[in-house]
Each structure stands twice: as structure tokens, then as C-alpha cells.
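Reader: I am new to this structure. Please take a close look at the ligand and its surroundings, then work outward from there.

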Amino acid sequence: MRIRDPRIVAKLVEINVELKHGAALAGLTSLGIGGTTDLLRVRRHESLPDLLNLLDANHVPHKFLGGGSNLLVGDGELPWVVLQLVRPEPDVVLNGNLAHVDAAADLGRMITFCAKNDLGGMEGLIGVPGTVGGALRMNAGAYGMQIGSYVREVKLYRVANRKIEVLRGDQISFEYRHTSFAPDDMMLAVILELPSKPYKDILQGIRICNEKRRSSQPLGQKSAGCIFKNPPGVSAGRMIDELGLKGLSVGDARVSDRHANFFVNAGHASANDMLALIADVRERVQKCFGVNLENEVVVWNA
Ligand code: EPU
């Protein structure tokens, strides 16, 4: 979708939002898949109410992009524009055990920065790609820990009442890859309360998790992490592996040889290839195990 109306373009300049025409979302997602649309880069959180009012008043549909690491975007010209926060500098400010973090901060860099300042707890998440906002929205977790455990406060833009709000950690429920945020809530910033730990101990934990991840996940390849959520008590990856589906492909969309719940873009996979592969694997697992796998990856398909 393209914004051509000069009145809208002028208003965007006025509220300090950068407009990039015809951005290729394939370049903004870890799967390397996705069509084109206009990208609106938001430099100040405070611009959001004006921006959303402007888009709504002009009937411009929109979606909110984080780091693009858990996302499968449709092909071709997309029927909505995309909003993305510009990462401020600095994006993490420490105050004792509290880390004030912008939602656009890179998750791994934030964890490393805190570690260097003797704040730990999030070692397991070190290899998870994406932004802090994305991790927060879905309560990213790995190796027995989840980001939600450390949340003291979240600043978000509530589309429902068109306001920037601040929620305390105990007002939010964090479950397995799920939170009580509304689907259209936009994460803006978070305060994490992290336990004190010597850097060398945190580093040791990071090394162990990195090693486990390197040995079991296809890190160098284009993927969106795990495609399906694990049903209670079972591993989706193990079920797909037991069916002998590693290497199964539709076009260049392929079930990883390393971890069967990672589907990789082995070349020029389209969204339709990836969606067909997801549907095929889901059907086979349903048939053999009687389990309906739920997507973990977020799909933006028209
Ligand atoms: N397994 C297989 N074959 C495979 C993959 C796994 O047999 O192809 C077996 C493993 O050998 C192991 C068991 O299944 O015995 C569990 O595997 P793993 O430890 O890799 O954990 P997982 O349940 O597949 C989850 C998360 C990952 C997270 C790891 C480590 C989900 C859907 N996946 O994977 O998160 O990194 O544990 O904590 O919750 C993600 O969210 O995108 C993600 C990758």
C-alpha cells in the first residue's frame, strides 16, 4: 500500500515520522520473506496517537513491526502500511537493579549490556533474535526462563483507547509464548528488574546456552525460530522429526535438518511456499499423533 496524498505526507513530516516508500519486508524479517509496502519509522513514542489518528482518518490500514524475527509476511504488494519504532540512543539505561529499555532495543545486545554491568537472569534468551518489544509481546522464553519473569513495568500504546499507558508487571499475565496484551497493543518501553550476578558467572551461563543452541538449532540459516508452539508436555520438533519430515520442502521452504520445528528459507522461498509447508506438516502431525499444532510464528497474510 502506498501513501500518495500530499496532505498525509506533509502531516507525517510535521509529526516527525519518516516515510520510506516501497520497503521490501523480505529485508526486514529473519525469514527473508515478504512483499513490499510503505514503511513509517516512528522517532518519538509521543507521535503515535497523532499518527494513528491520521491513518485511521484516511482509512490507511497498518501493522506494527518489531524485529521481524518471528514473522511470516505475505508476498507481493501488501494491503497495509507498516509502522516501526526507531531505536533511540541509548536504548538501555540502568538504575541499580532496574534496566529501563526501549522496545526497539535488540534483545541480545540488551542482555549483554546488562551482563557487563553485573545484572543477569536472562542468559537463556541470549541467542533469541529480535527486539525487546517483540520478546515482551509474546513472552519469549528458552532454557527454563522467560522475559515476563523480570518485568516491573511496561509502557505501551493502547490502540483501543488511543493512549500511551503504563502497566505494572502484576497487571500483565505472562504465560507460555502468550501474554494478556491486546493484539493491537504496541510495546514502547519496559523496566526490567534483574538479579545481581558477577559478569563472569553470567558469561558462563551464556556460553552454556549458546552451546546448546548451536548444537540443536540451524542458527546460520534464515528462519523464524520455532514454527509451532509446543503442545503441553510434548515437543513439536520431536513429533515432526519422528515422522521423518526433516528436509521436506515446498519450493525453497524447508524443514530444517537440524531441528524439525525450524522451517528455513533455503533460497528464494515465497510466503505461499512456507504456508503450504506449514499446512502440510500440521496435517501430517494431526493424522499421526491426533495433535493440532498451533502456530508460534505470527502470520501477516493480507
Ligand atoms: N527433538 C528431536 N528432533 C528435533 C528437535 C527436537 O528429537 O528435530 C527433541 C530433542 O532431542 C529434545 C526435545 O525434542 O529431546 C526438545 O527439543 P529442544 O530442547 O530443542 O526444545 P524444543 O521444545 O524443541 C523449545 C522452544 C525453543 C527453545 C528451546 C530451548 C518452543 C516451541 N520451542 O524447543 O524456542 O529455544 O526449547 O529452550 O517452545 C522459539 O520459541 O522459537 C524457540 C526456538
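Author: Start with helix H6. H6 gives the largest share of the shell around the ligand, 3 residues. Helices here are DSSP runs of H or I with at least four residues, strands are runs of E with at least two, and both are numbered from the N terminus.

A word on the model. It is predicted, so local features need pLDDT of at least 70 and side-chain atom pairs count only at pLDDT 80 or more, while totals for chains, interfaces and linings use all residues. Residues are numbered from 1 along each chain as its sequence is written, and side-chain values use heavy atoms, with hydrogens and water left out.

Now the shell itself. There are 20 residues around the ligand. A residue is near the ligand if one of its heavy atoms lies within 4 Å of it. Those that come nearest are Tyr143, Tyr176, Asn230, Asp241 and Glu296. By class, the shell has 7 nonpolar, 7 polar and 6 charged residues. Nonpolar covers Ala, Val, Leu, Ile, Met, Phe, Trp, Tyr, Cys and Pro; charged covers Asp, Glu, Lys and Arg; the others, Gly among them, count as polar.

Look next at single atoms. A polar contact is a pair of N or O atoms within 3.5 Å; within protein, one must be able to donate a hydrogen and the other to accept it, and residues adjacent in sequence count only if both atoms are side-chain atoms. Tyrosine 143 uses its backbone: a polar atom there is 2.7 Å from a ligand oxygen. Aspartate 241 uses its side chain, where an N or O atom is 2.7 Å from a ligand nitrogen. Lysine 246 also uses its side chain, with an N or O atom 3.4 Å from an oxygen of the ligand.

How much of the ligand is covered? On its own the ligand has 820 Å² of accessible area, and the protein covers 73% of this. Such areas come from the Shrake-Rupley method with a 1.4 Å probe; for residues, only the protein chains shown count as cover. Two or more shell residues come from each of strand S15 (222-226) and helix H6 (236-242).

Strand S15 ends at residue 226, so turn to the cysteines. The structure holds 0 disulfides. A disulfide is a pair of cysteine sulfur atoms within 2.5 Å. Cysteine 226 misses out because the closest cysteine sulfur, in cysteine 209, is 15 Å away, too far for a bond. For cysteine 114 the closest cysteine sulfur is also in cysteine 209, at 16 Å, again too far. Cysteine 114 is buried, at 1% relative accessible area. Buried means under 20%, exposed over 50% and partly exposed in between, with a 1.4 Å probe and protein chains only.

Charged pairs come next. The whole structure has 22 salt bridges. Each is a side-chain nitrogen of Lys or Arg within 4 Å of a carboxyl oxygen of Asp or Glu. One of them joins aspartate 5 and arginine 7 at 2.6 Å, N to O. Aspartate 5 is partly exposed at 23%, and arginine 7 is exposed at 61%. Lysine 200 pairs with aspartate 201, and their closest N and O atoms are 3.5 Å apart. Lysine 200 is exposed at 61%; aspartate 201 is partly exposed at 37%.

Helix H7 (residues 271-289) holds both arginine 284 and aspartate 280. They sit 4 residues apart, about one turn of the helix. Their side chains meet in a salt bridge of 3.0 Å, N to O. Arginine 284 is partly exposed at 35%, as is aspartate 280 at 26%. Elsewhere, Arg2, Asp38 and Glu77 are joined into one network by salt bridges that share partners.

Finish with the backbone. The peptide bond from glutamate 89 to proline 90 is cis, with omega near -5°. Proline 90 lies in the loop between strand S5 (81-85) and strand S6 (92-95). Asparagine 16 is not a glycine, yet has a positive phi of about 70°. Its loop runs between helix H1 (6-14) and strand S1 (17-24). Asparagine 16 is partly exposed at 29%. Arginine 162, not a glycine either, has a positive phi of about 55°. Arginine 162 is in the loop between strand S10 (151-158) and strand S11 (163-168), and is partly exposed at 36%.
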